[in-house]
Amino acid sequence: MRHALLLRLGRVPYEPALRLQRALHALRRAGRVPDLLLALEHEPVVTLGRAGNNADLLLSPAELRKQGVEVYAVERGGAATYHGPGQLVLYPIVHLRELELSLREYVGRLEEVLIRTGKEFGVELFRRPGHPGAWHARGKVGFIGIHVHRWVTLHGLAMNVDLKPNGFAWIVPCGLKDVPVASLSELSAAPCPLVEVERVAIEAFSEVFGMETVEISGEEVRPWLSRNG
Amino acid sequence: MDLVVPDLGAVDEVTLLRWLKGEGEEVAAGEAVAEVEADKAVFVIEAPVSGILRRRAPEGAKVRPGEPIALVLTP
């Protein structure tokens, strides 16, 4: 079985996590490290993918900044999204060629991870053709936005668990007007603590990608980064 | 040599998001030249060989896998 190194970061601000995943992506592209999976939660932040712009913001960047929320334009696909406390984020840094996955198949696998995770908490999520993600009749619960360079992935998926605050109110999510956003906790009869959702989602990732995860610490990763300059 | 949109797996059409290199600019083999987007995924296309870039499609164009979007003129 293939292995993926699992790095659980807890709640981290967006920018250092972005720098970390870019640095690890460069190491993976260079073939210096194996596949990786980052699991984390962000401090409140709005990001714009390549298809997004400031027109997708309902509050100006200045108004958002007043609330301590920065806006980042990043290299992933998709438009505007929100990350924050109560949302699980997974960033797989994997080599699609080595996994023998096409880009389309990879997106389908990420959707499968979201759907299986929902199911464990009694929530039926489904796909919507042409709109990657995981949907419920009451709204979009799971989000996907990725970047692929030299067949190595960057960015990944996010799943709303119990958002506080609900920063999706500040943006037009995914550039789609009138798309309601929902959270696992409001759809599930069972409690959904974030750490449990994280555990279940990592397990789903492992099954869906046929990879065993091996946990490593931030301490172990740091020397690789300095080695890289 | 043609710069071709790679097969991304049952994707009919992608959007040419942006050129990372200018018209007539020198590119090195393996260097990132353009970004295309499909299915919430941005995919970086690299130069197959070193040479001079001659673009054949504008940013925002819908292009198909296998379709040449530029020429890389080799010395």
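Here is a short conversation about a predicted model, its sheets, its cavity and one buried residue.

Student: How are residues and chains labelled, and which confidence limits apply?
Tutor: Residues count from 1 along each chain as its sequence is written, while chains are lettered from A and ligands numbered from 1 in the order in which they are written. Side-chain values use heavy atoms, without hydrogens and water, and in this predicted model totals for chains, interfaces and linings use all residues, local features need pLDDT of at least 70, and side-chain atom pairs count only at pLDDT 80 or more.

Student: What is the strand order of the open sheet of 4 strands in chain B?
Tutor: Strands are DSSP runs of E, at least two residues, numbered from the N terminus, and two strands pair if DSSP finds at least two bridges between them. Pairing in this sheet is antiparallel, and the order is β1-β8-β6-β3 (chain B). Because β1 (2-4) and β3 (26-27) of chain B each have a single partner strand, one side of each is left without a neighbour in the sheet.
The order asked for is β1-β8-β6-β3.

Student: Which residue stands opposite B:R54?
Tutor: Strand β6 (residues 51-55) of chain B runs antiparallel to strand β8 (residues 68-73) of chain B, and 4 bridges join them. Across from B:R54, in β8(B), stands B:L71.

Student: Which strands are at the edges of the open sheet β4-β3-β5 in chain A?
Tutor: This sheet of 3 strands has mixed pairing, and its neighbouring strands are turned by 25 degrees against each other on average, direction ignored (axes are lines fitted to C-alpha atoms). Strand β3 (residues 45-48) of chain A is joined to β5(A) by 4 antiparallel bridges, with A:V46 opposite A:Y82. Pairing on one side only marks the edge strands, β4 (70-73) and β5 of chain A.

Student: Which residues lie closest to the centre of the largest cavity?
Tutor: A cavity is a set of points on a 1 Å grid over the protein atoms alone where a 1.4 Å probe fits but cannot get out, and lining residues have an atom within 4 Å of a point. The whole structure has 1 cavity of 30 Å³ or more, and the largest holds about 180 Å³. Of its 19 lining residues, the closest to the centre are A:R76, A:T81, A:H83, A:I144 and A:G145.

Student: Is A:T117 buried or exposed?
Tutor: This residue lies in helix α3 (residues 103-120) of chain A; helices are DSSP runs of H or I, at least four residues. Buried means under 20% relative accessible area and exposed over 50%, with a 1.4 Å probe and protein chains only. Since A:T117 has 0% relative accessibility, it counts as buried.

How values were computed: 1 Å grid on protein atoms, 1.4 Å probe; cavity = no way out; pocket = protein on both sides within 12 Å on 5 of 7 lines; lining within 4 Å. Points joined across faces, edges and corners; volume = space filled by probe spheres on them. Axes fitted to C-alpha atoms, helices over the stretch in contact; angles between N-to-C directions.
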